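Here is a set of questions and answers about how terms are applied to one protein chain. Each answer sets a value beside a cut-off.

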Amino acid sequence: MAFAQFYTSGDDPAGLKWSQMQVGAFNLIYPRQQESLAYHYAAKIQAEMPKPMSGLRAELPRRPIPVLLHAYSADANAMVAWPPRRMEFFTIPSPSLSSSLDWARTLVWHEGRHVAQYQRSTEGIFRALHFLIGEQSEGLAALYYISPGFYEGDAVFAESVYSHEGRGRQAEFLLPYRAYFADSIDFSYDKWQFGSYRHYIPNEYALGYFKQSAGYALNAAKLDYPSEANAKV
């Protein structure tokens with residue numbers, strides 16, 4: 001029972017058969033008869049994954065991380081979770097997606113950044129804590145160091161830096177902040193952080209990106225991002 005996991009995600013058909021392939025530091029798990037999709041994601045992982053990892057000076061994991069491809073779900077999303085350590089990609093893009101980027105590359109940039117964040121969360125006292133409670137120590141590190149919104153904002157920042165179009169480059173992403181500030185409307189930090197039933201408050205992705213981009217502007221010299229992309233953010 002000590003090896004039991006918390007939950008599984010996805011709504012794949014029960015009779016689905018799975019295959020896997022090794023892609024560097026990642027173990028790609030995909031439905032059978034979806035080999036072309038698997039090769040497409042394998043190519044993107046090999047070419048693009050080192051970029052968001054290097055931005056936080058994180059090393060590729062020594063133990064392969066499973067990457068699950070959910071090809072039969074209309075839920076356009078992706079996730080990185082501990083425990084068990086894994087990445088999950090829902091490969092059908094959202095019909096309302098306004099970006100012209102390759103959906104696979106966007107997922108690799110964003111979720112690759114989360115992998116880097118978790119890799120850095122195993123340092124210090126949490127390295128010793130990992131031997132006691134396993135992969136739950138990374139979750140405690142995330143709660144100890146920074147808010148979940150910062151994790152998402154940093155991932156959006158990475159996907160915007162390493163591309164010519166990400167959510168951070170879309171005008172509507174930060175439009176609510178611009179509208180409020182143009183009318184000299186300001187709320188408390190708690191309201192920006194936790195939302196409101198009375199006023200429209202952007203989600204944690206926008207708030208985290210807003211804080212991250214402001215911090216970058218104040219401390220750009222200490223961050224390791226491509227100089228060509230810095231001028232475009």
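Q: What makes a pair of residues a salt bridge?
A: A salt bridge is a side-chain nitrogen of Lys or Arg within 4 Å of a carboxyl oxygen of Asp or Glu. The model here is predicted, and distances in it are computed from the model.

Q: Why is the pair Lys51 and Glu48 called a salt bridge?
A: The closest N and O atoms of Lys51 and Glu48 are 2.9 Å apart. The cut-off is 4 Å, so the pair Lys51 and Glu48 counts as a salt bridge.

Q: How do you know that Glu48 also forms a salt bridge with Arg105?
A: For Glu48 and Arg105, the closest N and O atoms are 3.7 Å apart. That is within 4 Å, so this pair counts too. Glu48 lies in helix H1 and Arg105 in helix H3, so the salt bridge ties together parts that are 57 residues apart in sequence.

Q: What makes Glu48, Lys51 and Arg105 a network?
A: They are linked by salt bridges: Lys51 pairs with Glu48, and Glu48 pairs with Arg105. The structure holds six salt bridges, and these two pairs are among them.

Q: Why is Glu48 called buried, while Lys51 and Arg105 are called partly exposed?
A: Buried means under 20% relative accessible area, exposed means over 50%, and partly exposed is in between. Glu48 has 9%, so Glu48 is buried. Lys51 has 32% and Arg105 has 25%. Both values lie between the two cut-offs, so Lys51 and Arg105 are partly exposed.

Q: What makes the approach of Glu48 to Trp109 a polar contact?
A: The side chains of Glu48 and Trp109 make this contact at 3.1 Å. The limit for a pair of N or O atoms is 3.5 Å, so the distance passes. Glu48 also touches Arg105 and Val108, among residues over four places away in sequence.

Q: How do you know that Lys44 and Asp102 form a salt bridge?
A: Their closest N and O atoms are 3.6 Å apart, and the limit is 4 Å, so the pair qualifies. The pair links distant parts of the chain: Lys44 is in helix H1, Asp102 is in the loop between strand E5 and helix H3, and they are 58 residues apart. Asp102 has 26% relative accessibility, so Asp102 counts as partly exposed.

Q: How do you know that Leu101 and Ser163 are apart in sequence but in contact in space?
A: Leu101 is in the loop between E5 and H3, and Ser163 is in the loop between helix H6 and H7. Leu101 and Ser163 are 62 residues apart in sequence, with 8.2 Å from C-alpha to C-alpha. Contact is judged on heavy atoms within 4.5 Å, and Ser163 is one of the residues that Leu101 is in contact with. Ser163 also touches Trp109 and Arg169.

Q: Is Ser163 buried or exposed, and how do you know?
A: Its relative accessibility is 6%, which is under 20%, so Ser163 counts as buried. A polar atom of the Ser163 side chain lies 2.6 Å from the backbone oxygen of Glu159.

Q: Why is it said that the buried residues of H7 line one face of the helix?
A: In helix H7 (residues 175-182), Pro176, Tyr177 and Tyr180 are buried. Seen down the helix axis, these buried residues fall within an arc of 100°, so they line one face. An α-helix has 3.6 residues a turn, so residues three or four places apart point the same way. The face of H7 turned away from the buried side carries the exposed residues Arg178 and Ala182. Just after H7, Ser184 takes a positive phi of about 60°.

Q: What makes Leu140 eligible for a surface patch?
A: A patch residue needs over 30% relative accessible area and no salt bridge. Leu140, in helix H5, has 40%, so Leu140 passes the area cut-off and counts as partly exposed. Leu132, Ile133 and Leu140 make a nonpolar surface patch of about 290 Å².

Conventions. Residues numbered from 1 in each chain as written. Predicted model: local features only at pLDDT ≥ 70, side-chain atom pairs only at ≥ 80, totals over all residues. Heavy atoms only, no water. Polar contact = N/O pair within 3.5 Å; in protein donor to acceptor, adjacent residues only side chain to side chain. Buried < 20%, exposed > 50% of the residue type's maximum accessible area, 1.4 Å probe, protein only. Helix = DSSP H or I, 4+ residues; strand = E, 2+ residues; numbered from the N terminus. Arc of directions from axis to C-beta. Patch = residues over 30% accessible without salt bridge, like charges linked within 9 Å, V, L, I, M, F, W, Y side chains within 5 Å. Areas by Shrake-Rupley, 256 points an atom, 1.4 Å probe, with all protein chains shown as cover.
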